[in-house]
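Reader: I am in my first year and new to looking at protein models. Could you take me closely through one part of this one, the place where chain B meets its neighbours?

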Amino acid sequence: MENNSLLDVQHLSHMFHLKRKMTVKAIDDVSFQIKKGEIYGLVGESGSGKSTVARCIMNIYKPSEGEIFYKGIPICKNKEFRKNRKMLQMTRQMIFQDSASSLNPRMKIEDIVAEPLRIYSGKGRPGKKEIEKQLELVGLDRSYMEKYPCELSGGQRQRVAIARALSTKPELIVADEPIASLDVSIQAQMVNLFRKLQKEQGFSFLFIAHDLSMVEFLCDRTGVMYHGKLVEEGRTKDIFAHPEHEYTKALLAAVPIPDPRIERQKGEVL
Amino acid sequence: MSDLFEMVGVKPELAEQQVPEKENRWYDTIPWLSVIILILIVGGCLFCNRIMTKDPSYMDLKNYTIAPCKEFLFGTDTMGRDIFSMIWYGGRQSLFIGIAATVISTGIAIIFGTVSGMAPEWLDMLLMRATEILLSIPNLLTVIFLQAILGKANVFSLSFVIGITSWMSIAKIIRTEVRQLRNNEYVIAARCMGGGFFYILYKHLAPNFLSSIMFMVVMNIRSAIVEESTLSFIGIGLPLEVISWGSMLSLSEKALLTGAWWIILIPGVFLVVTLLCITSIGDCIRKKLNKQESNL
Amino acid sequence: MLYYGKKLVIFMISVGLLSLVTFYVSRLAPGDPLFSYYGERVEKMSPEEREWAEEKLGLNDKISVQYSRWINQVFHGNFGRSYKYKMDVLDVLKSRLGNTLLLGGTGFLIIFAGALLLGVICAWKEGGWLDKIICKAGTIISCVPEFWLALVLILVFSVSLRWLPSSGAYAVGQEKNISDRILHMILPLTVIVTEHLWYYGYMVRNKMLDEIRADYVLLAKAKGIKKSRIMLVHCMRNIMPSYLSIMAISVTHIMGGTYVAETVFSYPGIGTLAYESARYKDYNLLMIISLMSGIIIIACNMAAQILNERIDPRMRISRQSEMQEVDNYE
């Protein structure tokens, strides 16, 4: 195993049991690595198993086969997981797609942001200063502390979710389609925010999306998933310049290009 | 610009005709009469020392089965005790049992419902089947059975027995709510952060399902009070010496023979009025809840 | 066929478990079973006599041995003797069962029909004065404890007015006199019916209202079908399966209500017998009564389940889609 890889996913498979005899293979033999301080993009259409990968990494699902090494620890083994539970829970954080359902509607923003630290320390709420700093980091001022999630817009809520994830100074952030439910203009803001935060804090970042243009802008390396398989993987530039798999080509062809002339040509080709 | 818009929009004279809906303030929906009566009864029971004219447990053997008069406002029972004093003193026991039993059953229901809601499919199935079976056994039978095992009843054992036999329907509601809530990503997020079962229950689940069980909880107080009085009446609840509305009524068989209506009617009326007040408050809670849901 | 076979196996297992639990719990409960057999004499017994008596009743073996002996006897059709009545428990039961069935059965039928009637009337006149009055009255009556209602009825109708008898199933020596029996049944029946009627009537009302709001009613109305026909034929058909399954479960609840009414009116039925047997540790009697009640409860539950799963086609579909929803989430 390479020394500088933080997360190492090896031959990961996961099946869902539908009825007695029916099973669906959501992910099938997926392997990839994320290095320290790297942004890794995972793209694919809905139902291709991206979220399942993310949830396996976060120990929400237990994979049927394969192993995930985080800092060299095989986290899918119950024993190892229990031994390192606290470290794992603090250094990995997740950001969900739907900010409306990922924030408890009955908690104030300050409580939401403070939640991980509170669970971690086991004591009461951390100081207001701390929370204020976290909120500032994601571009929200202190006036939001007393508000409830329903008073915020989608983009603001997602910022709160990011602030919550960052509050424990994590080393790996898994973001499951964090921008998919936002407007395009807000999406760009969020991606810029991710980029800025990643530069400042240096965490590794697994970015899951189905929007290729954002991935191209943000990620160092990219994997393409199709029907539960990782069909292509490599540096983002290489993939976008020379896609090898048919599916990647099709995906790329579907990306709108902000130039009407090229866009029109593309239409004729297909 | 505004002129143009008004021409195609709703005509102003039509709009004015619409009667503005009477605004309901929060206090309009509360059944004040019930609340006030309930406060009076509860207050009377709490401060019974001030109200009582006689010692409720003193047996005045000279004046037994006396109809209501000036000295004995509500008359005396077949053992010569003053009913007026007993009502307030005994109300304490009845109300205490109602509340204590409800606290116990709600506690069990919350734990059981949440466990079942968060559990994997097969365990959930098993737990819910068990609940349904328990639910279908007539409550009274289980209580009689348990009471027979525990032996002679006192206020606490009776609350306990009533509590552990009446949690099932609340647990079922909680389980359904939790099943929906647990799909929310904030619950998953809290689990990822390492929040334990009780942390998630306290912080994320309970605040979200409490409103939907409030009605059931209030109704549970009611049924617990009914059950206490029924059991005491049959003779397996509180014994005669422990004064409660139920045990007061257990003298009624003797009262029937002598035609002493006050022994039967007066404690019963207090019982029924209390239950009615609780019911109307519960109904008010339910209506509020329905309103909230339909607004969403 | 397999479906019913499976249900039957589950049924047998539940009944077996039930008998085991009752047997153990009743044995472990405090109390002296000899007391019910010998009455006051027990206190004067010497230890040797006690031992002999316990030996005779088979009470000094281990509980497991006692249970296996009991089960063995049951398979031979012998349920043992009642300690208190000194006769075969089946005979004791037989003398009481008829009374309870008569009271509970009539009550159930009246509730079944009455709830349907009240519910439909209320739904028909929704918001009208009749609906309002019935709803209010129902709420108030549901707050009156069953035993107290019984007491008041006795006070009014038998003590003050002397119209109706207050206790028993028949006057002495009038066992075969039908009119006398009916006279004795009026008060207990009133109690049972009023206590349960509105609970189920309200259920019917709400279910009916849900149906009336459905789109197919609008369509039927647009077609020009009469309101009575829409409600009594179309809506009724939709609420019937769930109503039937609710009523199947309600059998046990009405049974519980019957027990209370029996106690207050000293009506010689199963309820009073159950109470006596639990109190006096009449083990054999207690076992057969709890077994019988258990069988009724389990059977009613199963009937409700089968009604739910088999009769209503909507239930089948919604069950399937529910399963699919779960799958989609997972």
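Author: Happily; what follows goes through the contact with chain C, then the contact with chain A, and ends inside the chains.

A word on how to read the model first. It is a predicted model, in which local features need pLDDT of at least 70 and side-chain atom pairs count only at pLDDT 80 or more, while totals for chains, interfaces and linings use all residues. Residues are numbered from 1 along each chain as its sequence is written, chains are lettered from A and ligands numbered from 1 in the order in which they are written, and side-chain values use heavy atoms, with hydrogens and water left out.

Let us begin with chain C. Its secondary structure comes to 13 helices and 0 strands (helices, H or I, are DSSP runs of at least four residues and strands, E, of at least two, numbered from the N terminus). Of the 330 residues in chain C, 45% are buried (buried is under 20% relative accessible area, exposed over 50%, and partly exposed in between, with a 1.4 Å probe and protein chains only). Chain C exposes about 17500 Å², and carbon and sulfur atoms supply 65% of that (accessible areas come from the Shrake-Rupley method with a 1.4 Å probe; for residues, only the protein chains shown count as cover).

Now turn chain C towards chain B. Here 33 residues of chain C are in contact with 38 residues of chain B (contact means heavy atoms within 4.5 Å). Together the two chains bury about 3100 Å², with 76% of it on carbon and sulfur atoms (buried area is the accessible area, taken with a 1.4 Å probe, that two parts lose on being put together, summed over both). Cys143(C), Phe147(C) and Trp148(C) supply 20% of the area that chain C buries against chain B, more than any other three residues.

What about charges and polar atoms? Between chain C and chain B there are 0 salt bridges (a salt bridge is a side-chain nitrogen of Lys or Arg within 4 Å of a carboxyl oxygen of Asp or Glu). There is 1 residue pair in polar contact, both residues being at pLDDT 80 or more (a polar contact is a pair of N or O atoms within 3.5 Å; within protein, one must be able to donate a hydrogen and the other to accept it, and residues adjacent in sequence count only if both atoms are side-chain atoms). Several helices of chain C each supply at least two residues of the side that touches chain B, among them α6 (129-142), α7 (146-160) and α10 (227-264). The residues of that side divide into 22 nonpolar, 9 polar and 2 charged (Ala, Val, Leu, Ile, Met, Phe, Trp, Tyr, Cys and Pro count as nonpolar, Asp, Glu, Lys and Arg as charged, and the others, Gly among them, as polar).

Next comes the meeting of chain A and chain B. The contact takes 21 residues from chain A and 16 residues from chain B. Between them these chains bury about 1700 Å², 57% of it on carbon and sulfur atoms. Here there are 9 residue pairs in polar contact, both at pLDDT 80 or more. On the side of chain A that touches chain B, α3 (85-91), α4 (99-102) and α5 (109-121) of chain A each give two or more residues, and α5(A) gives the most, with 4 residues. That side divides into 9 nonpolar, 6 polar and 6 charged residues.

Across this interface there is 1 salt bridge. Arg55(A) forms it with Glu185(B), the closest N and O atoms being 3.8 Å apart. Glu185(B) lies in helix α10 (residues 185-192) of chain B and Arg55(A) in helix α1 of chain A, so the pair joins two chains. Glu185(B) is buried at 12% relative accessibility, and Arg55(A) is buried at 10%.

Finally, look inside the chains. Lys50(A) forms a salt bridge with Glu177(A), with the closest N and O atoms 3.0 Å apart. Lys50(A) lies in helix α1 (residues 50-57) of chain A and Glu177(A) in the loop between β7 (172-176) and α8 (184-201), so the pair ties together parts that are 127 residues apart in sequence. Lys50(A) is buried at 2% relative accessible area, and Glu177(A) is buried at 7%. In chain B, Arg179(B) and Asp124(B) meet in a salt bridge at 3.8 Å, N to O. Arg179(B) is in helix α9 (residues 168-181) and Asp124(B) in helix α6 (residues 121-136), 55 residues apart.
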